[in-house]
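Please look over the model shown below before reading the notes that accompany it.

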Amino acid sequence: MTQPLNILFLSSEVVPFAKTGGLADVSFALPQAIKELGHEIRVMMPKYGFISERKFGIHEIVRLREIDIPVGDKLQRGSAKASFIVGQKVKVQVYFLENEFYYNRDGLYVDSKTKKDYSDNDERFIFFCKGVLESLKKLGWRPDIIHCNDWQTALVPVYLKTLYKNEPFFNGVKTVLTIHNIGYQGIFGKESFYKSGLPDEIFREIEHNGNFNFLKAGILYSDVITTVSPTYAKEIISDDELGAGLSATLKKRRKDVYGILNGVDYSVWSPENDKYIPVPYSIQTIETKYENKKALLKHFGLEYNEEIPVVAQISRLAEQKGFDLIAEVIDEMMKLDIQYIVLGTGDPKYEEMLEKIKRKYPKKVGVHIGFSEELAHLIEAGADIFLMPSRYEPCGLNQMYSLRYGTVPVVRKTGGLADTVEEFNSKTGRGTGFLFEKYSGQDLLKALKKALSTYKIRKVWLKLMKNGMTKDFSWTTSAKKYVELYQKLMTPQKKARTVKAK
């Protein structure tokens, strides 16, 4: 057996403490899966003002009461507190880096009043990245691996190889940077670089179009880079549009880039034990799924008809998620024999479009603007078809949830969607869903129509549902791949042997 590792997992959001998207779910589930494999893993995140200390049992750590961090010409004082992620099998230690000035706000990155990014997000995450390293020294706990996630933590590898490179405490510490969505890079003006305290001579190397790009810096300085699916890793290296301007940087590190698919927490997302759905079911009792379909349609005031499939979406309402395609073909979609249900929030123009369609087709459409965990589970259990026509999709989770619930995905062949959904072949009976490749409304419609024609053949559709339900995308598989990568990093590179001539 390999030696257990010490791993520090850094994230700007972690369920159940703070969440804006899938990163928080990953940061909850992956550390647990890694700990279950026998490794010591701890998590660190900012202590946002809305995180209740009483609710989560957050307590002081005497050694970490005072942490002084220079940010630009200011000295900011922080502290760190602790609690746990409590899973079904393990507990994972969580540290919260606290600073009233930077984190005592009602949002994570965006001001809820102005709907704009906080103007000092650069300082907030410079403070966090430095604070992590200072906290480790004070704590006296030395990780073998520091696993960073997205731009908010991407300066940690840079600091380790510059300002902290001569500190014995950090000797041999390796870094992993996971890119969850390369569209978010942490881009700030050159003045932000001077706030970071990094050596002037590295600016030319890490600047991007004259700006200080946190993610680019992390890509150049981390020991390895991972993305959340194998196909997305290839896409962001080879396609500059999908790489959001960083493809050339990633090409320099190509041999150090790995795609590891995100997993699903089946203790939360599984129809057999889902606490949010009215009637649990399994592959053996698959007919019971239709009781949830009835409950879903009742919730939206729509009439149940076994012959009419429910096509659903749970999504951020944005072009990235393909809502420009939906807008293009929505009236044609409404001519099909379907009921259409959407749960999500986002771009006001798509919110308005969906509300308008709901008014225009009140007997066919159900819309909930906002988010509801309970409703998300009911949609997965009650829908027949799950639609994800994304322009790009680093990994995607809902298509994997859908497969587990026997809800057939219709997706665009990109990123994690291409890695998790296999085109159904009615002749062989193999496959789990329907895919389209070209980013167009008409291609979306063709894939959807193909699904609808298959739905009419009850026996074939049942086979398709069961194919999806047998797929295993559990976090254990992903965690093993991360641990293999960690161990590879910790293995000293063998030096070439020299043989003396006799």
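The report below covers annotated domains, a pocket, a cavity, helix contacts and two backbone details.

## Model and annotated domains

The structure is a predicted model, and the residue numbers used here run from 1 along the chain as its sequence is written. An unreviewed UniProt entry places the feature "domain: Starch synthase catalytic" at residues 6-251. Within the model, the C-alpha atoms at the two ends of residues 6-251 lie 30 Å apart, and this span is 33% helix and 25% strand.

The record also lists, again from an unreviewed entry, the feature "domain: Glycosyl transferase family" at residues 302-461. For residues 302-461, the end C-alpha atoms are 23 Å apart, while helix accounts for 42% of the span and strand for 21%.

## The second largest pocket

The second largest pocket encloses about 430 Å³ of space. Its lining is made up of 21 residues, and those that lie nearest its centre are Gln32, Glu36, Gln88, Asp265 and Ser267. Two or more lining residues come from each of the elements α1 (22-36), β5 (74-86) and α19 (475-490), and of the contributing elements α1 gives the most, with five residues.

Sorted by class, the lining of this second largest pocket has twelve nonpolar residues, together with six polar and three charged ones.

## How α1 meets α19

Two of the helices that line the second largest pocket, α1 and α19, also have axes that come within 9 Å of each other and cross at roughly 70°. A crossing angle counts as roughly perpendicular when it falls at 65 to 115 degrees, and therefore α1 is roughly perpendicular to α19.

On the α1 side the contact is made by Val26, Ala29, Leu30, Ala33 and Ile34, and on the α19 side by Trp475, Ala479, Tyr482, Val483 and Tyr486. By class, the contact of α1 with α19 has ten nonpolar residues, with no polar and no charged residue taking part.

## The cavity and the α17–α18 contact

The structure holds one cavity of 30 Å³ or more, and the volume of the largest cavity is about 30 Å³. The residues that line the largest cavity are Leu403, Gly406, Thr407, Val408, Pro409, Thr432, Leu464, Met465, Gly468 and Met469. At least two of these lining residues are supplied by each of β18 (408-412) and α18 (458-469), with α18 giving the most, namely four residues. In class terms, the lining of the largest cavity divides into six nonpolar and four polar residues, with no charged residue.

Helix α18 also has a helical partner, since the axes of α17 (residues 441-455) and α18 come within 7 Å and cross at roughly 115°. In this contact, Ala451, Thr454 and Tyr455 of α17 meet Arg458, Val460, Trp461 and Leu464 of α18, and the class make-up is five nonpolar, one polar and one charged. Leu464 thus appears both in the contact with α17 and in the lining of the largest cavity.

## Two backbone details

Which form does the peptide bond from valine 15 to proline 16 take, cis or trans? This bond is cis, with omega near 5°, and proline 16 is placed in the loop between β1 (6-10) and α1.

A second detail concerns aspartate 150, which has a positive phi of about 65° although this residue is not a glycine. Aspartate 150 lies in the loop that runs between β7 (145-149) and α5 (155-160).

Conventions: This is a predicted model: local features need pLDDT of at least 70, side-chain atom pairs count only at pLDDT 80 or more; totals for chains, interfaces and linings use all residues. Side-chain values use heavy atoms; hydrogens and water are left out. UniProt positions are given in the numbering used here, feature names are shortened, and annotations may be inferred rather than shown by experiment. On a 1 Å grid over the protein atoms alone, a cavity is a set of points where a 1.4 Å probe fits but cannot get out, and a pocket is an open set with protein on both sides within 12 Å along at least five of seven lines; lining residues have an atom within 4 Å of a point. Grid points are joined across faces, edges and corners, and a volume is the space filled by probe spheres set on the points. Ala, Val, Leu, Ile, Met, Phe, Trp, Tyr, Cys and Pro count as nonpolar, Asp, Glu, Lys and Arg as charged, and the others, Gly among them, as polar. Axes are lines fitted to C-alpha atoms, for helices over the stretch in contact, and angles run from 0 to 180 degrees between N-to-C directions. Angles under 35 degrees count as roughly parallel, over 145 as roughly antiparallel, 65 to 115 as roughly perpendicular and the rest as oblique. Contact means heavy atoms within 4.5 Å.
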